Amino acid sequence: MRASRDLPEPQRQEFRALLMAQSEAVRPDLHGARRERVRAWDALARGEASADETSRRLEAARLRELAARSQIEEAVTAWAARQSPEVRAQVAAALAQDAMPGGGRPLRPQGLPLRPGGGPPPRQD
């Protein structure tokens, strides 16, 4: 939805309607993938599934989520391809920024020193 924020009104409405329709269409798959993930972990915890079986079930859940995401991205791509070059560029730039870790924001505060092994610097009390 953030990608539509600066679009002209007719395109913003179209884009948001598209996202809402696509989200509704893939919702059962996403919920099913989450349920499968929970069932896989529960079966492992109860000793009813091996590590290999759990990994297979988790992979199936990930593939289901990826298929849902792909469906949305394909619909957005088809919609953007029909737009003017200006609108297409706006949408593409916003979606590219959203695809960056942290939405393009720095992953850690500016000036925070890194230390080996990660994490904040040690306290100096």
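Q: What does "buried" mean for a residue in this predicted model?
A: Buried means under 20% relative accessible area, and exposed means over 50%. The model we're looking at is predicted.

Q: Why is glutamate 36 called buried?
A: Glutamate 36 has 18% relative accessibility, and the cut-off is under 20%. So glutamate 36 counts as buried. You'll find this residue in helix H1.

Q: What makes Arg57 and Ala61 contacts of glutamate 36?
A: Contact means heavy atoms within 4.5 Å. Once you set aside neighbours within four places in sequence, Arg57 and Ala61 are in contact with glutamate 36. Just don't mix that up with the C-alpha spacing: the C-alpha atoms of glutamate 36 and arginine 57 are separated by 7.1 Å. Along the chain, glutamate 36 and arginine 57 are 21 residues apart.

Q: How do you know that phenylalanine 15 and tryptophan 79 form an aromatic pair?
A: Look at the ring centres. They're 5.1 Å apart, and rings pair if their centres lie within 6.5 Å, so phenylalanine 15 and tryptophan 79 make the cut. By this rule the count comes to one aromatic pair.

Q: Why is the pair of phenylalanine 15 and tryptophan 79 called tilted?
A: Check the angle between the planes, which is 55°. Under 30 degrees would be stacked and over 60 would be edge-to-face. The 55° fits neither, so the pair is tilted.

Q: What does the pair of phenylalanine 15 and tryptophan 79 tie together?
A: Phenylalanine 15 sits in helix H1 (residues 9-45) and tryptophan 79 in helix H2 (residues 51-81), so the pair links parts 64 residues apart in sequence.

Q: Buried or exposed: how do phenylalanine 15 and tryptophan 79 count?
A: Phenylalanine 15 has 1% relative accessibility and tryptophan 79 has a relative accessible area of 3%. Both values are under 20%, so phenylalanine 15 is buried, and tryptophan 79 is buried too.

Q: What makes up the largest nonpolar core?
A: Twelve residues in all, among them Phe15, Trp79, Leu18 and Val91. H1, H2 and H3 each supply at least two residues of this core, with the largest share, four residues, coming from H2.

Q: Which elements give two or more residues to the lining of the largest pocket?
A: Those are H1, H2 and helix H3 (85-99). H2 provides the largest share of the lining, four residues. The space in this pocket is about 420 Å³.

Q: How do the residues lining the largest pocket divide?
A: They split into eight nonpolar, one polar and three charged. Arg69, Glu73 and Asp98 are in the lining, and Asp, Glu and Arg count as charged.

Definitions and conventions: Residues are numbered from 1 along each chain as its sequence is written. This is a predicted model: local features need pLDDT of at least 70, side-chain atom pairs count only at pLDDT 80 or more; totals for chains, interfaces and linings use all residues. Side-chain values use heavy atoms; hydrogens and water are left out. Rings of Phe, Tyr and Trp (its six-membered ring) pair if their centres lie within 6.5 Å; planes under 30 degrees apart count as stacked, over 60 as edge-to-face and the rest as tilted. Buried means under 20% relative accessible area, exposed over 50%, partly exposed in between (1.4 Å probe, protein chains only). On a 1 Å grid over the protein atoms alone, a cavity is a set of points where a 1.4 Å probe fits but cannot get out, and a pocket is an open set with protein on both sides within 12 Å along at least five of seven lines; lining residues have an atom within 4 Å of a point. Grid points are joined across faces, edges and corners, and a volume is the space filled by probe spheres set on the points. A nonpolar core is a set of buried Ala, Val, Leu, Ile, Met, Phe, Trp, Tyr and Cys residues joined through side-chain atoms within 4.5 Å.
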